[in-house]
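Okay, thanks for coming, everyone. Let me put the structure up, and then we'll walk through how the chains meet.

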Number of protein chains: 4
Amino acid sequence: MENYILKIDCSDAKGLVYKISDVLYKNDLNIEKNDEFVDGENKKFFYRAVLSGTLEITHIKNVLLSVLPKDSYISLAKKTKKNIIIMATKESHCLGELLLKHDSGELNANILAVVANHENLRLLVEKFAIPFHCIDVFGCERQEHEKRILQVLESYKIDFIILAKYMRILSSEFVCHYEQKILNIHHSFLPAFIGANPYKQAFIRGVKIIGATAHFVNDNLDEGPIVAQDVVSVNHEYSWKDMQRAGRTVEKNVLSNAVDLVLEDRVFVYGNKTVIF
Amino acid sequence: MENYILKIDCSDAKGLVYKISDVLYKNDLNIEKNDEFVDGENKKFFYRAVLSGTLEITHIKNVLLSVLPKDSYISLAKKTKKNIIIMATKESHCLGELLLKHDSGELNANILAVVANHENLRLLVEKFAIPFHCIDVFGCERQEHEKRILQVLESYKIDFIILAKYMRILSSEFVCHYEQKILNIHHSFLPAFIGANPYKQAFIRGVKIIGATAHFVNDNLDEGPIVAQDVVSVNHEYSWKDMQRAGRTVEKNVLSNAVDLVLEDRVFVYGNKTVIF
Amino acid sequence: MENYILKIDCSDAKGLVYKISDVLYKNDLNIEKNDEFVDGENKKFFYRAVLSGTLEITHIKNVLLSVLPKDSYISLAKKTKKNIIIMATKESHCLGELLLKHDSGELNANILAVVANHENLRLLVEKFAIPFHCIDVFGCERQEHEKRILQVLESYKIDFIILAKYMRILSSEFVCHYEQKILNIHHSFLPAFIGANPYKQAFIRGVKIIGATAHFVNDNLDEGPIVAQDVVSVNHEYSWKDMQRAGRTVEKNVLSNAVDLVLEDRVFVYGNKTVIF
Amino acid sequence: MENYILKIDCSDAKGLVYKISDVLYKNDLNIEKNDEFVDGENKKFFYRAVLSGTLEITHIKNVLLSVLPKDSYISLAKKTKKNIIIMATKESHCLGELLLKHDSGELNANILAVVANHENLRLLVEKFAIPFHCIDVFGCERQEHEKRILQVLESYKIDFIILAKYMRILSSEFVCHYEQKILNIHHSFLPAFIGANPYKQAFIRGVKIIGATAHFVNDNLDEGPIVAQDVVSVNHEYSWKDMQRAGRTVEKNVLSNAVDLVLEDRVFVYGNKTVIF
């Protein structure tokens, strides 16, 4: 017996939970856990279940499609490890966290490679016997740089790309190759302090809390769907460097948490928001 | 169209969600929201739904009972305000919080009366035009004191009793009159610092966080099922009086939160634990 | 023996703590508690002490001035209750919190009066025997409205004005009458969601945390020096009304906390920031 | 110019801050930052300063001793990296966190070696080119086992020993070799759930928050002075394994935070408590 993840989103209608559970029951599948959410205002229905049993994926999807609204999006897949690429720049804390969790078997993913625009993380990555590709930006336009990154990425079969403090803005052209597949960590509680140097911005504003936000990357800088956020208290004694230091722990925790949610297929992207079960 | 709350707990079996949603669907009831939880280890199933539609309570319960396991406990009732009694001693912060929320219509309950063992909260309670019964303990055994309280309580039709810093231990004899209906706030993150003077205990132990716990009252002091907990940071500068002061905010927030959960029928008591949807 | 609060800010120089403690020691004053902070970048020094002993305020201030840098600002005063006015609109939770703390003697202030632009909080305020002034805005320009408020305020000797969800923007002309004396609660973790309807803004953005910010009011909307902030987690199930409800607890806790800090003379306003001991 | 850390504790007396700052001022030393705390009840004074300037340690200590109370304990030392040993068993998360911070230069310490009672962390430790000593317990009494560990430890010059989930209880005989030098992480918010399997205990009790506690090790199991604590929310869906997983993040954050405090000489052990600046 295997475990499967079933995800459905469609326009809301009466009896959806009944119809879905009817199909699952009659196909002798156990629902280990299920969650549903209805956005009443926009009449949208979201459903996720962890199933156990023996099934033929195409068959079950077809039966479900035959009873659900026409606009239903259904995903049904064995619960397996995802394949991910991590992109980074110079800072090691977020990358290191993911490498450690991968190494101890706590990450529900295979890290296929790390792609960076500087050399200095190579030593760390290679300790863990993971391929490291440095694609530096020197003497190279953004378009050319991204093209070279894409060449590397296309040599892998990728479920998700994790930006673990990758400090360059990705163009729309790049992002559209991996829609809803690029997860970024931004070092502020968005939408506060969009863009460069959020800790300096926070210091100048004199805030008493700083934070971090993990979000999917879309066309607009730091405006993609938010997956996870957390904060930490600061006070007048904190220089912006101190804020940066305190923020690192929040950044890596928030990213690590968001990565887990994404790897377990618990996140629906819904317009500019997320529904997370 | 009315709203109803349906709560079911029973031993786990295959197809329970299907069977329940089948009944609801065929009786033309909308599920506004539903949650379920299976305790896999003990094979127990918990289900809660907010329904809208027109229904005959006894009929629906009977149909559900006919398709669910024999040991099913089903509660189905219109979503209405509960009737509560608050018990207190001398401190006003938890009581005041509930009085204010009641006054502004934010509490899903009617406060029928306040019962105290001292006079000094009378002025506050009577500002809000709520009956205040002072049943003092002077020259009176515990048994006699509780008997007098019970006489007052029995003159009201009560859904829940909220102990808003009622500082006397209730006997098993008293508690058994209102099983799973008495909610208490204890001024520590249980199970740390059971019993008297938890802030002094916390001060002596030198902890860096203090907390509060809302729990149902059972036979064992401070050992009933926990509904809500929260904490706040402290440091070496805090005397135990300072901890008490800082704790007050946590106490009233935790109690207020737990009261909301209980009043909205979101809490299942399950052995010595709670399942909360 | 009385308690005094000494606050000093001046440009930084060598030996300031020594010079201050020298003066206090030689005048036979006990330092119950002292804190200092140096902003190294801007060469600014902040100092606060709680003193006990017998002293002649003008004398001590003069001696201190004679040994400290020319630009020193010194405040020295007996530790006493402040006089405050609360301004509100329709929502009762922040106001109610302050009224309750005042009533139980936990607030280090006398609430002289409540000024509102609607009638509906009158009943609550008058329960606590505090003067309530309703100055409505109907058929009245902002300038005229503020003039009428100022007339009421000027009849009181005020240390601080607390905006407990007063939902109208105050003009610069108004604010300059009470510089660094008006404390506001804004229902977002500033600088996110400045202006109207922050919960709707937060809902639309799909954030996973919401918050509240207590800050001094200056000329720029929601940009004054921040005193306290806190947050609470939300998720996709929260409508903006749910966020508003969850936010109320944070709002009143943050405001109550900030009011305590201000009333205990623990806050220095420093440019657009605060230093808090 | 060098930075020094000055720490003083002694019985309280009038003018201590004055006397200390007098000595520092007259020896031409800058106070970059200072903190003091008086335990009024027990008449104890604690003081810590970060100094910059040129000084002769023995001379300054002697001058200070000559003006301070007889029972003064003074420590004055250059701000340098500490030498630490990490002890672990099988779990990698706390150890890995410290190895990563060490590797990126964020840890104010040299990790001299890792001592474990199992082999399975060797691979991880050796990636970072740090000596790994496995001293297993098989066929060996506790006394003998600890003797062998001590032999290894004595070959290093150690400031602190960090127990990063070392899962064996250390005897009083062992602990007395490194009094106030052994920092442990316990996987509960002490004093709740002392001893073995705190997550199972927490699961059985049905708590809504779990936590972790970093504390110095003394003779009594899990009763040493607490340095740092933090918590995370859980609910009825968490098995004890889920709690353990969620707890790992808290454990490593709390330990990492406590280690930073200890390495920066910010912690005074005071009876069974800590004073932390």
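So, buried area first: that's the accessible area, taken with a 1.4 Å probe, that two parts lose on being put together, summed over both. Before the values, some housekeeping: this is a predicted model, where local features need pLDDT of at least 70 and side-chain atom pairs count only at pLDDT 80 or more, while totals for chains, interfaces and linings use all residues. Residues are numbered from 1 along each chain as its sequence is written, chains are lettered from A and ligands numbered from 1 in the order in which they are written, and side-chain values use heavy atoms, with hydrogens and water left out.

Right, chains D and C. Between them they bury about 1,400 Å², with 54% of that on carbon and sulfur atoms. On the chain D side, Lys14(D), Tyr18(D) and Tyr25(D) lose the most area to chain C, together 46% of what that side buries. Counting contacts as heavy atoms within 4.5 Å, you get 15 residues from chain D and 15 residues from chain C.

How many salt bridges are there between chain D and chain C? Two, where a salt bridge is a side-chain nitrogen of Lys or Arg within 4 Å of a carboxyl oxygen of Asp or Glu. Asp28(C) pairs with Lys14(D) in a salt bridge, and the closest N and O atoms are 2.6 Å apart.

Now the symmetry. Superposing by least squares on C-alpha atoms of residues with pLDDT of at least 70 in both copies, a rotation of 180° with 0.0 Å of shift along its axis puts chain D on chain C, RMSD 0.0 Å. The two copies are thus related as by a two-fold rotation axis.
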